[in-house]
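Welcome! Here is a short briefing to read alongside the structure.

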Amino acid sequence: MNATMLLAADEPLTTAGPTQLITAALVGIAAIVALIVWGKVHPFLALMLGSAVLALTAGIALTDTFTAFTAGVGSTVGGTGVLIALGAIIGTLLVKSGGADAIVEGFLHRTTPQKLPWMMAALAFIIGIPLFFEVGVVLLIPVVMLAAKRARQPVILLGIPALAGLSALHGLVPPHPGPLIAIDALGANLGVTLGLGLIVAVPCVILAGPVSAKFMAKWVPIEAPDTFTTGEPVPEEHRPGVAVSLSVVLLPVVLMLLRTLVETVWAGGEGNAVHGLLMFLGMPLVALLVTSLYAMAVLGLRGGRGLKEVSDLVGASFAGIAGILLIVGAGGGFKETLVASGVADVIGDWLDGAAISPLLAAWLVAVFIRLATGSATVATITAAGIMSPIAAGLDPVTTALMVLAIGAGSVFFSHVNDAGFWLVKEYFGMTVPQTLKTWSLMETILSVVGLVSVLLLGLLV
């Protein structure tokens, strides 16, 4: 019997009791934590080995150790890997064409020093929709440094709002990998999740960004270094305009939100050509494919580039996401092992019977994994796998809110076991205590505000 048949039958691969299954889950997660934190093993291998530990501890036959894992890798990469690849194409074209620079300069032009923190947060919010967190950091930090130097303001006052905008979008809004994984695992509606995610992200960015930065800048009043440069910018005559660049960023968002609106308002329009076209264009894969082709036309072909040069840029965009795809795929395999062994059902039944909101439970599970592993992606994958049985009985809006609760929990208190912690520390030239008082605190505020916003939305919708 192959993996597909096993999963289609929806039967656990073991007859172990609840105690053994819970023990297996804890041992498997502990193995992943130990391998990543102390063994310095790459998360891809750690998730793979952790899945094997979980399977064997749960009593799954040795020959079936990787059956669910392999099926999970295939379904996850097939479902979200293509979307991540298309997102990487869009992000690369924005950066290489100078489109991202055009957006940055358009937002910051003639902005007063008092409004700079708010404008930086808004800029990061827009830039953060299509760009991966690390790319956004590389793009915006030079702007933060130069703006802080010119305005004679502490770097933290402008840097924290920018980081808050990037981090909120990374954890809450598709097409970023974490939200996409959770949407796929929980069976959530992407358009609904996207719309609610943007709503939740706004108070997160405001409170964790410009508001908190006022206090953090007093605690860590460091200045921008004199030697900081932005590298070689794209010549201004070759850059696209702000409107064109923003249209690339917003096109997939508009298409996916439009599909959700059509589903809600025009529910009886099946058979109508316009209805069918809007539903088709709003599919995540189609929306990102259309945007990628549009970006290739309006961004890639600028500056005298030919089709060959554009094709090279597209190919180069895949190099940076290879590690992400492997981690995402392995995380899907670990999630499928949780489900196929019956662990997810046991934990789901326990949480279902506990006197705790499923949204709060989802956030707490993600927080625990985040603190242990330091990886927002691993936290999202694991929490989504554990919560998937509960999500099966929820309405579409609550399921989308559960995705956001997991996303909020996945960014809680970044510390020394998170690569992002060290990235921010080195860019800003801070000590470890200074990074804890700024970046780590900002992430915690963002996570808590995200949870509160999700819970409030759960009461209103």
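**An all-round first look**

The protein has 21 helices and zero strands, where helices (H or I, at least four residues) and strands (E, at least two) are DSSP runs, numbered from the N terminus. This is a predicted model, in which local features need pLDDT of at least 70, side-chain atom pairs count only at pLDDT 80 or more, and totals for chains, interfaces and linings use all residues. Residues are numbered from 1 along each chain as its sequence is written, and side-chain values use heavy atoms, leaving out hydrogens and water.

**Overall form**
- The radius of gyration, taken over C-alpha atoms, is 22 Å, which agrees with the value near 23 Å for a compact globule of 461 residues (the rule is 2.2 Å times the number of residues to the power 0.38).
- Along the principal axes, the C-alpha atoms fill a box of roughly 65 × 60 × 45 Å.

**Inside the protein**
- Buried residues (under 20% relative accessible area, 1.4 Å probe, protein chains only) make up 55% of the 461 residues.
- The largest nonpolar core, a set of buried Ala, Val, Leu, Ile, Met, Phe, Trp, Tyr and Cys residues joined through side-chain atoms within 4.5 Å, holds 144 residues, of which Leu163, Met387 and Phe428 touch the most other members.
- Helix α10 (residues 190-219) gives this core its largest share, 13 residues.

**Contacts**
- Beyond its neighbours within four places in sequence, Met387 is in contact (heavy atoms within 4.5 Å) with residues including Leu186, Leu351, Pro358 and Met402.
- Of contacts between residues at least 6 apart in sequence, 80% join residues at least 24 apart.

Conventions:
Buried < 20%, exposed > 50% of the residue type's maximum accessible area, 1.4 Å probe, protein only.
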